[in-house]
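Please open the structure in your viewer and keep the sequence panel visible. The tour below proceeds by selections, each followed by a description of what is found there.

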Amino acid sequence: MIRINLVRRKSRLGGGPWQGELNTLSLEKREPMPPRSNPTARQERLGTELRRLREAAGVTARDAAALLGSGATQMSHLEAGRFGVSEERVRRLASYYECGNAQLIDALAAMATERVEGWWEEFRGVLTPRLLDLAELEHHAHCLRQVEVIHIPGLFQLEDHVRAMLTYVVPQLPDSELEHRIAFRVRRQSILTSPRAVPFDAVIHEAALRIKVGSTKTSRSQLEHILEMSELENVTVRVIPFDIEGFAGAGFAMLHASGPVPELDTVQLDAAHGSLLIDAAPQVHKYRTLFEKTQGMALSAAESRDLIRRIAHDM
């Protein structure tokens with residue numbers, strides 16, 4: 001920061017209230033803020049959506065930057081989520097791009113102005129950014145829909161179940177990181193029971209319910225917990241039984257997070273190297289359709305609870 005001090009002194013020959021006083025005026029010229037080195041997935045998504053609007057309008061990055069009185073480099077940083085953007089600028093750009101989707105514009109403006117310091121920030125620098133992005137995605141979702149074939153959904157997993165699962169992580173996790181991972185996954189589940197409870201539709205294959213993760217006691221407790229969660233008004237659990245005909249989605253698992261408008265929906269996939277977030281409209285539409293197709297093959301909520309009780313009793 002450059003500071004210029006302008007000093008005005010009253011003449012020794014003068015009198016009045018200025019006598020013996022020093023009046024300092026500070027004019028500050030601030031250097032531009034450096035780009036974010038690690039923008040969150042939500043910050044990147046805002047930039048991505050602004051880029052998509054620009055490209056759909058056939059406007060160059062240079063012309064869009066000129067509208068804001070900046071350069072192409074700054075526009076590149078903005079569209080990559082490395083620079084923040086005000087609500088006023090979001091609306092100016094949307095108008096320039098002739099975007100007529102008022103709901104999308106309002107949603108993007110809200111993303112630009114929100115200042116949420118969520119609980120997941122406690123884990124920043126401790127866990128990977130992608131894990132934190134998942135918690136933030138769930139926090140802002142208007143509805144969550146998940147399909148699992150061989151795993152219990154993370155939002156249902158008890159601490160002992162999580163601990164048993166993480167023993168399979170390769171390479172083995174240090175004890176400190178193991179405890180942080182467990183605490184983080186359990187903490188995520190608060191979105192289902194908080195005052196702002198998020199609707200959650202889970203479709204689980206019978207295989208995931210029968211696989212013993214940890215001890216028999218742990219597995220039975222896990223099934224009982226799923227039954228308890230299924231009684232919540234905002235939670236629906238449906239099971240795909242082994243004997244259903246025509247189910248060919250054995251390798252299909254996903255989490256679909258609905259945004260305030262369909263254009264801001266996101267799909268999360270698990271991979272051996274970490275979490276993958278998908279926001280391209282054709283891909284999101286494909287996974288949305290797959291969920292609906294899979295859900296259509298599952299038992300009703302009541303039939304699913306009966307099956308879960310039988311599996312727990314047989315353990």
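Begin by selecting glutamate 79, which counts as buried at a relative accessibility of 9%, the cut-off for buried being under 20%. The model on screen is a predicted one. Glutamate 79 belongs to helix α3, which covers residues 72-79. Now display what surrounds this side chain. Beyond the neighbours within four places in sequence, glutamate 79 is in contact with Glu44, Gly47, Thr48, Leu50, Arg51, Arg54 and Tyr97.

**The whole chain**

Next, zoom out and colour by secondary structure. The protein chain contains 12 helices and eight strands. Of its 315 residues, 41% are buried. Among contacts with a separation of 6 or more, 72% join residues that are 24 or more positions apart.

**A loop residue**

Select glutamate 98, located in the loop between α4 (87-96) and α5 (102-113). Is glutamate 98 buried or exposed? Its relative accessible area is 71%, so glutamate 98 is exposed; the cut-off for that class is over 50%. Inspect the backbone here as well: phi of glutamate 98 is near 55 degrees, a positive value in a residue other than glycine. Most residues other than glycine have a negative phi.

**Two partners of helix α8**

Select helix α8, residues 175-188, together with helix α7, residues 159-166. Two packed helices are described by the angle between their axes and the distance between the axes. For α7 and α8, the angle is about 135 degrees and the axes lie 10 Å apart. The two helices are therefore oblique to each other, and α7 passes α8 in a right-handed crossing. To see the packing, show the side chains of Glu159, Val162, Arg163, Met165 and Leu166 in α7, which meet Leu178, Glu179, Arg181, Ile182, Arg185 and Val186 in α8.

Keep α8 selected and add helix α6, residues 129-140. How are α6 and α8 oriented to each other? Their packing angle is about 10 degrees, with the axes 11 Å apart; α6 and α8 are therefore roughly parallel, a class that takes angles under 35 degrees. On the α6 side, Leu131, Leu132, Leu134, Ala135 and Glu138 meet Arg181, Phe184 and Arg188 of α8. Arg181 thus appears in the packing with α7 and in that with α6.

**Strand β8**

Move to leucine 277, in strand β8. Measure from its C-alpha to that of leucine 137: the two are 140 residues apart in sequence and 9.6 Å apart in space. Leucine 137 is also one of the contacts of leucine 277 beyond its neighbours within four places in sequence, and the others are Ala41, Arg130, Asp133, Thr266, Val267 and Gln268.

**Helix α11**

Finally, select helix α11, residues 281-295. At 1.5 Å a residue, its 15 residues should span 21 Å, and the end C-alpha atoms are indeed 21 Å apart, which agrees. Which residues of α11 are buried? They are Val284, Tyr287, Arg288, Phe291, Thr294 and Gln295. Seen down the axis of α11, these buried residues fall within an arc of 130 degrees, so they line one face of the helix. Rotate to the face turned away from that buried side, and the exposed residues Pro282 and Lys293 come into view. The cover over the buried residues of α11 includes β3 (143-148), β4 (200-205), β5 (235-240), β6 (254-258), β7 (266-271) and β8 (274-278).

Terms used:
Residues numbered from 1 in each chain as written. Predicted model: local features only at pLDDT ≥ 70, side-chain atom pairs only at ≥ 80, totals over all residues. Heavy atoms only, no water. Helix = DSSP H or I, 4+ residues; strand = E, 2+ residues; numbered from the N terminus. Expected span 1.5 Å × (residues − 1). Buried < 20%, exposed > 50% of the residue type's maximum accessible area, 1.4 Å probe, protein only. Arc of directions from axis to C-beta. Contact = heavy atoms within 4.5 Å. Axes fitted to C-alpha atoms, helices over the stretch in contact; angles between N-to-C directions. Parallel < 35°, antiparallel > 145°, perpendicular 65-115°, else oblique. Left-handed = near helix turned anticlockwise from the far one by under 90°.
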